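Please read the following walk-through alongside the sequence and the model. The path begins at one residue and follows its contacts outward before turning to other parts of the chain.

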Amino acid sequence: MNAFTNVQIINGPNGEPVYVVIPYTTYMQTQSRHKDTDVPHQVVGMIAENAWTPARAWREYLGLTQLEVATRMGITQPAYAQQEVGLRPRRSTRERIAMALGIAPRMLDF
């Protein structure tokens, strides 16, 4: 277990701990460990509110067009459009879409 030695604990008015301040480098290391597993709230919201597939929500979140993603995958836009609406694409398809979007494949698998 890693114990932080360079931390600051800030107590509230009742004397109970409220905040912990850690070194910035430690924080950034923590963030990089979760980069490939955390799905932004906006992506989840797009899926829930619009009934979009994860592939479409990610594409919209990243500000990409279907044509841009299709070009990155080496396929046509209509072919990508069919893959994007698939509710449960094959693993190899998810991996190719994830690579084109620049995210980890598991971020499309929920």
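In this predicted model, E84 touches T53, A55, R56, R59 and Q66, when residues up to four places away in sequence are left out of the count. E84 itself is found in helix α5, which covers residues 77–85, and because its relative accessibility is 2%, under the 20% limit, E84 counts as buried.

One of these contacts is also a salt bridge, since R59 pairs with E84 through N and O atoms that are 2.6 Å apart at their closest. As R59 lies in helix α3 and E84 in helix α5, the pair ties together parts that are 25 residues apart in sequence. R59, too, counts as buried, at 7% relative accessibility. The pair does not stand alone: R56, R59, E60 and E84 are linked in a network of salt bridges.

Helix α3, spanning residues 54–61, also holds both W58 and Y61, which are three residues apart, or about one turn of the helix. A search of the whole structure finds one aromatic pair. The pair is formed by the rings of W58 and Y61, whose centres are 5.8 Å apart and whose planes stand at 90°, so the arrangement is edge-to-face. The two partners differ in exposure: W58 is buried, with a relative accessible area of 4%, whereas Y61, at 35% relative accessibility, counts as partly exposed.

The search for salt bridges across the whole structure finds five. Among them is the one between R88 and D109, with the closest N and O atoms 2.6 Å apart. This pair links distant parts of the chain, with R88 in the loop between α5 and α6 and D109 in the segment after α6, 21 residues apart. Here R88 counts as exposed, at 57% relative accessibility, while D109 counts as partly exposed, at 35%.

Within helix α6 itself, the side chains of R91 and E95 meet in a salt bridge with an N to O distance of 3.2 Å. Because R91 and E95 are four residues apart in this helix, about one helical turn separates them. R91 is exposed, with a relative accessible area of 61%, and E95 is partly exposed, with 34%.

Finally, there are the strands to consider. Strand β1, residues 8–11, and strand β2, residues 17–21, pair in the antiparallel sense over four bridges, and I10 has Y19 in β2 as its bridge partner. The two strands form a hairpin with five residues between them, and in the turn G15 has a positive phi of about 85°.

Conventions
Residues numbered from 1 in each chain as written. Predicted model: local features only at pLDDT ≥ 70, side-chain atom pairs only at ≥ 80, totals over all residues. Heavy atoms only, no water. Buried < 20%, exposed > 50% of the residue type's maximum accessible area, 1.4 Å probe, protein only. Contact = heavy atoms within 4.5 Å. Pairing = 2+ DSSP bridges. Phe/Tyr/Trp six-rings, centres within 6.5 Å; stacked < 30°, edge-to-face > 60°. Salt bridge = Lys/Arg side-chain N within 4 Å of Asp/Glu carboxyl O.
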